[in-house]
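Please find below a short note on helix packing and aromatic pairs, set out as numbered points.

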Amino acid sequence: MHWKTLLLLLFYYSVHATVTYKWSRAMLFPAAQRLKRSSASFLNPVLQNSMEDVVLLYEFLLAELDIGKSQRISIKDEELASLRKAAEFDTICNEVIPKSITEIRRLSSRLSTYPRVLKKEDFERTVLTMVYTAYRAAQSQGHQKDTWAESFVNLYKALKHDLMFS
């Protein structure tokens with residue numbers, strides 16, 4: 001009986017030791033790790049690769065976003081929406097970041113116990129989730145408003161902790 005337990009523990013340790021960082025990162029944003037429909041590569045878009053990209057992201061957020069009834073996020077400014085980076089922004093906002101309060105709370109919980117500094121793509125996705133959460137808090141009333149606001153604060157605390165940790 002003891003050798004079976006030992007074998008099981010050894011197997012568990014082997015699996016745990018060989019899990020790649022990529023899979024542990026998938027725990028924060030699982031949708032970013034799914035396969036693209038058109039190819040065999042992972043859907044893992046990143047907006048910020050340069051300072052110009054950071055400025056462009058800021059412009060996207062300032063240009064006013066349209067969030068429809070189906071919670072689909074789009075950029076209202078047609079000129080900005082026609083840019084190549086706007087397509088990546090659309091993918092991240094509509095296919096990667098969590099939209100339900102349950103998923104956002106799950107993300108907040110994972111972030112609160114995250115053992116290291118966030119990678120830049122996880123940081124930007126968390127910021128975009130926070131923007132979405134702020135929008136939902138502003139559009140809600142009563143108990144729902146409190147729930148969205150609490151989620152916003154939890155995301156803020158996680159980002160603040162990440163910035164202090166680094």
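1. In this predicted model, helix α3 meets helix α5 through D53, L56, L57, F60 and L61 on the α3 side and K85, A86 and F89 on the α5 side. The residues of this contact comprise 6 nonpolar and 2 charged, with no polar ones.

2. As to geometry, the axes of α3 (residues 51–62) and α5 (residues 84–96) come within 11 Å and cross at roughly 65 degrees. The two helices are therefore roughly perpendicular. Their crossing is right-handed.

3. The structure contains 2 aromatic pairs. One of them joins F60 and F89, with 5.1 Å from centre to centre and 50 degrees between the planes, and is classed as tilted. This pair links distant parts of the chain, since F60 belongs to helix α3 and F89 to helix α5, 29 residues apart. Both residues also appear in the contact described under point 1.

4. F60 has a relative accessibility of 1% and therefore counts as buried, the cut-off being under 20%. F89 is likewise buried, its relative accessible area being 1%.

5. The rings of Y132 and W148 also pair: their centres lie 6.1 Å apart and their planes stand at 80 degrees, so the arrangement is edge-to-face. Because Y132 lies in helix α7 (residues 120–139) and W148 in helix α8 (residues 142–165), the pair ties together parts that are 16 residues apart in sequence. Y132 and W148 are both buried.

Technical notes. Residues numbered from 1 in each chain as written. Predicted model: local features only at pLDDT ≥ 70, side-chain atom pairs only at ≥ 80, totals over all residues. Heavy atoms only, no water. Axes fitted to C-alpha atoms, helices over the stretch in contact; angles between N-to-C directions. Helix = DSSP H or I, 4+ residues; strand = E, 2+ residues; numbered from the N terminus. Parallel < 35°, antiparallel > 145°, perpendicular 65-115°, else oblique. Left-handed = near helix turned anticlockwise from the far one by under 90°. Contact = heavy atoms within 4.5 Å. Nonpolar A, V, L, I, M, F, W, Y, C, P; charged D, E, K, R; others polar. Phe/Tyr/Trp six-rings, centres within 6.5 Å; stacked < 30°, edge-to-face > 60°. Buried < 20%, exposed > 50% of the residue type's maximum accessible area, 1.4 Å probe, protein only.
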